[in-house]
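Q: I would like a close look at a single part of this model. Please take one helix, go through its packing in full, and then place it in the chain.
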Amino acid sequence: MLEAIRTVLRKLPNDVGLFAYGRCVFISIGLGSFGMTLPGRISSHLVDRRTRNMWLIILDERVPDDEVQGTIAHEIAHAWLKHDQISIDIPETCEVDAALLTKSWGFTGKGTDPDYCDRPYRQLHESNNVKS
Ligand SMILES: [Zn+2]
């Protein structure tokens, strides 16, 4: 996973790569989803302990090889776009926005597919509408 992260950081546009080096902390654990990005108030910079605009990116070791770079880049896109996934103010288009940005950076795979990335949120929204 570390080598995949390094590769993605090298492929990103320079400003995004610098942002990811300085503002994102990556951890890899065995989750049931490909990845998740959380705001810095639950994480902090390793050296100066700041939390503002810091992002914790959680990655799943089991992401298939052909999806790993797109997944990492997709999670960095969430951080770059300041998508606070534990806030009620997160834009409804966050998954589409992150997927399109990831694609614009030249990555491929499910992390660049707006329809794939947005599907769980649409299904949740649709099921909420059925209940009301
Ligand atoms: Zn996403």
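What follows is the request in full and one connected answer. With which residues do Ala4, Ile5, Thr7 and Val8 of H1 meet H3, and at what angle do H3 and H4 pack?

A: A caution first: this is a predicted model. Start with the outline. The chain has 132 residues. Its secondary structure comes to 5 helices and 3 strands. Along the sequence the pattern reads α-α-β-β-β-α-α-α. H3 spans residues 65–80, and H4 spans residues 94–104. H1 takes residues 2–11.

Take the contact with H1. Two packed helices are described by an angle between their axes and a distance between those axes. For H1 and H3 the angle is about 65° and the axes are 9 Å apart. The crossing is right-handed. On the H1 side, Ala4, Ile5, Thr7 and Val8 take part. They meet Val68, Gln69, Ile72 and Ala73 of H3. By type, the residues of this contact are 6 nonpolar and 2 polar, with no charged ones.

Now the contact with H4. H3 and H4 pack at about 120°, with axes 8 Å apart. H3 and H4 are therefore oblique to each other. Their crossing, too, is right-handed. H3 contributes Gly70, Ala73, His74, Ala77 and His78. H4 contributes Cys94, Ala98, Ala99, Leu101 and Thr102. This contact counts 6 nonpolar residues and 4 polar ones, again with no charged residue. Ala73 is a residue to note: it is listed in the contact with H1, and also in the contact with H4.

What lies between H3 and H4? A loop, and Lys82 is in it. Look at the backbone here. Most residues other than glycine have a negative phi. Lys82 is not a glycine, yet its phi is positive, about 55°. Is Lys82 buried or exposed? Neither fully. It has 13 other C-beta atoms within 10 Å, so it is partly exposed.

Go on into H4. Lys103 has its place in this helix. It is also partly exposed, with 19 other C-beta atoms within 10 Å. The buried class begins at 20. Lys103 also has Pro114 to compare with. The two are 11 residues apart in sequence, and their C-alpha atoms are 9.4 Å apart in space.

Step back along the chain to the strands. There is an open sheet of 3 strands, ordered S1-S3-S2, with mixed pairing. S1 and S2 are the edge strands, as each pairs on one side only. The twist averages 20° from one strand to the next.

S3 covers residues 55–60. It has two faces. Trp55, Ile57 and Leu59 make the covered one. Leu56, Ile58 and Asp60 make the uncovered one. To one partner, S1 (residues 24–29), S3 pairs in the parallel sense over 6 bridges. One pair is Ile27 with Ile58 of S3. To the other partner, S2 (residues 35–39), S3 runs antiparallel, and 5 bridges join them. Here Gly35 is the bridge partner of Leu59. Leu38 has Leu56 as its bridge partner in S3. Pro39 stands opposite Trp55. So two residues of the covered face, Leu59 and Trp55, are matched by Gly35 and Pro39.

Why is S2 largely enclosed, although it is an edge strand? Because 4 of its 5 residues are buried, the rest of the structure largely encloses it.

Last, the chain as a whole. Some 30% of its residues count as buried. Consider contacts between residues at least 6 apart in sequence: 58% of them join residues at least 24 apart.

To return to the request: H3 packs with H1 at about 65° and with H4 at about 120°. Both contacts lack charged residues, by the count for H1 and by the count for H4.

Technical notes
Residues numbered from 1 in each chain as written. Predicted model: local features only at pLDDT ≥ 70, side-chain atom pairs only at ≥ 80, totals over all residues. Axes fitted to C-alpha atoms, helices over the stretch in contact; angles between N-to-C directions. Parallel < 35°, antiparallel > 145°, perpendicular 65-115°, else oblique. Left-handed = near helix turned anticlockwise from the far one by under 90°. Contact = placed C-beta atoms within 7 Å. Nonpolar A, V, L, I, M, F, W, Y, C, P; charged D, E, K, R; others polar. Buried ≥ 20, exposed ≤ 12 C-beta atoms within 10 Å, placed from the backbone. Pairing = 2+ DSSP bridges.
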